[in-house]
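Biologist: Could you take me on a close look at one part of this structure, the surroundings of the ligand? I am new to this, so please explain each term as you go.

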Amino acid sequence: MGDSTLRFIRDGYLFGTRGFRAAGSDHFRTRLLGRPVLVLRGAEAARFFYEGGRFRRAGAMPRSVLTLLQDVGSVQALEGEAHRRRKELFLGLLRGESGEALAQRFGEELRGAAGASDGADIVLLDLFHDVLTLAVTAWAGLPAGVAGDLRRTGVLAKMVDAAGTVGPENWTVRAQRSRAERLLADAVVRERTQPTAPAGSALAVVATYTEPDDIGATAPLPPQVAAVELLNLLRPTVAVGRYLTFAALALHRHPGWRDDIAAGDGAAVRWFAQEVRRFYPFFPVIGGRATRDLTWKGEPVHRDDWVLLDVYATTHDPAIWDQPDRFLPQRFDGLVVEPNTLIPQGGGGYEEDHRCPGEPVTVDLIEVGLRLLAREFTYDVPDQDLRISLRTFPARPRSGLVVRGLTVGERAAA
Ligand code: HEM
């Protein structure tokens with residue numbers, strides 16, 4: 001079996017799709033980075049991969065990706081009861097009123113930042129990254145010095161941007177990440193001795209959270225682990241800037257939706273946000289290592305075998321989605337979304353499996369952004385390179401989406 005690493009680099013997000021086509025199947029075996037791997041797509045595959053604790057994450061992603069996007073010692077690295085317990089911490093912060101507060105804060109900051117713009121050209125991706133950093137650090141209750149540092153260095157966005165890189169760029173951002181971790185660990189230690197963060201904020205909750213340690217006594221998280229979990233809330237929130245930029249691009253490409261969204265059609269904005277997450281590329285694949293001997297459609301999968309679930313190919317799988325390569329928000333009209341079909345943020349369930357706990361708030365953030373873009377913001381989109389390379393992880397419109405003459409105020413159509 002030949003090694004497909006070069007093909008992965010060349011085909012990018014389409015690596016799996018082309019492999020499935022060549023194999024005439026929804027799974028194929030190959031080698032990546034010299035290691036044998038089974039690549040899967042589809043709703044059944046997502047259920048197999050996500051549900052029932054069949055795959056662990058440890059040892060399943062290259063280190064360059066792992067250290068920037070996933071987190072050693074964090075919820076993603078845990079399995080079973082330890083994972084379920086830690087996951088509750090995230091779900092408590094990201095669902096209900098707390099999650100809504102994050103989305104609301106983002107809306108206020110975005111309106112303010114757009115209103116303060118002086119008519120100069122603005123790169124929306126950069127604006128979203130900056131405003132999300134501002135919103136999430138305030139929401140998390142971080143001390144002003146730490147929040148200011150994260151904003152000034154732009155490290156949260158850089159971690160996302162550099163996740164698909166190797167070599168010097170990746171190392172530089174890893175060093176910046178280490179510094180951010182130290183700042184956050186110090187903030188946790190200070191919060192434990194002199195609490196200043198608002199009750200219920202992420203810093204207060206993570207700093208005071210306890211779980212059984214190795215000998216069964218209850219203990220707070222080591223500051224380093226607490227810092228990593230805080231980063232696990234901060235960085236992916238900033239990553240939503242890509243979806244917001246894709247949402248703005250989709251509005252530009254499909255202007256007919258603008259009036260429905262501006263008119264406050266709640267269903268239209270929800271379908272549009274879901275279609276943005278289905279259609280545009282983000283995670284190409286998710287890797288797992290089998291926790292026990294398994295069989296997939298007659299194929300043996302031995303304990304520790306490496307399996308990749310192709311997320312992009314599943315959200316573009318013609319067996320699930322009609323005309324998968326067209327942007328059609330109306331496909332969600334009346335559709336009951338089965339959890340293992342729309343999987344840009346993972347499959348399975350929130351509590352037991354590794355499905356992204358930030359998924360509901362991601363949808364809310366996109367909706368908040370869409371409403372502002374459609375209803376309150378007026379701008380032009382000058383000529384620019386809006387192509388999205390499917391060879392760059394994570395993908396983005398090349399120009400970042402430049403808008404001109406941004407002003408804020410109720411649009412006439414609303
Ligand atoms: C751009 C939007 C986002 C995308 C594309 C995304 C994608 C994903 C994916 C694919 C997973 C599953 C990884 C796996 O199976 O190992 C995941 C897990 C996770 N995400 Fe997100 N995510 C996003 C936003 C968020 C947000 C806003 C937060 C928190 C504020 C968040 C926090 C997490 C955490 C903590 C996990 C680990 C869950 C676990 O292991 O149980 N994500 N995300």
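Modeller: Happily; here is a walk around the ligand, followed by a few places elsewhere in the chain.

First, a word on the ground rules: this is a predicted model, where local features need pLDDT of at least 70 and side-chain atom pairs count only at pLDDT 80 or more, while totals for chains, interfaces and linings use all residues. Residues are numbered from 1 along each chain as its sequence is written, and side-chain values use heavy atoms, leaving out hydrogens and water.

Let's begin with the place itself. The ligand sits in the largest cavity. A cavity is a set of points, on a 1 Å grid over the protein atoms alone, where a 1.4 Å probe fits but cannot get out; a molecule sits in one if more than half of its atoms lie within 2 Å of its grid points.

Who stands around the ligand? There are 28 residues around it, and Tyr-50, Arg-57, His-83, His-354 and Cys-356 come nearest. To be counted as near, a residue needs one of its heavy atoms within 4 Å of the molecule. This shell divides into 15 nonpolar, 10 polar and 3 charged residues. Here Ala, Val, Leu, Ile, Met, Phe, Trp, Tyr, Cys and Pro count as nonpolar, Asp, Glu, Lys and Arg as charged, and the others, Gly among them, as polar.

Now look for polar contacts, which are pairs of N or O atoms within 3.5 Å; within protein, one must be able to donate a hydrogen and the other to accept it, and residues adjacent in sequence count only if both atoms are side-chain atoms. An N or O atom in the side chain of Tyr-50 is 2.6 Å from an oxygen atom of the ligand. The side chain of His-83 also has an N or O atom 2.6 Å from a ligand oxygen. Gln-345 places a polar side-chain atom 3.4 Å from a nitrogen atom of the ligand.

Helices take part too: α5 (80-94) and α12 (223-253) each supply at least two residues of the shell. Helices (H or I, at least four residues) and strands (E, at least two) are DSSP runs, numbered from the N terminus. It is α12 that gives the most to the shell, with 7 residues.

Stay on α12 for a moment and find Thr-237, which lies in this helix. Thr-237 is buried, with a relative accessible area of 6%; buried means under 20%, exposed over 50%, and partly exposed in between, using a 1.4 Å probe and protein chains only. A polar atom of the Thr-237 side chain lies 2.7 Å from the backbone oxygen of Leu-233. Not counting residues up to four places away in sequence, Thr-237 touches Leu-102, Leu-132, Val-136 and Leu-365, where contact means heavy atoms within 4.5 Å.

Next, turn to Phe-55, in strand β3 (residues 55-56). Phe-55 is buried as well, with a relative accessible area of 2%. Its contacts beyond four places in sequence include Phe-48, Glu-79 and Val-307. Phe-55 and Glu-79 are 24 residues apart in sequence, and their C-alpha atoms are 9.1 Å apart in space.

Finally, some backbone details. Most residues other than glycine have a negative phi, and most peptide bonds are trans. Asp-304 is not a glycine, yet has a positive phi of about 80°. The peptide bond from Phe-393 to Pro-394 is cis, with omega near -20°, and Pro-394 is found in the loop between β11 (377-380) and β12 (402-408).

Terms used:
On a 1 Å grid over the protein atoms alone, a cavity is a set of points where a 1.4 Å probe fits but cannot get out, and a pocket is an open set with protein on both sides within 12 Å along at least five of seven lines; lining residues have an atom within 4 Å of a point.
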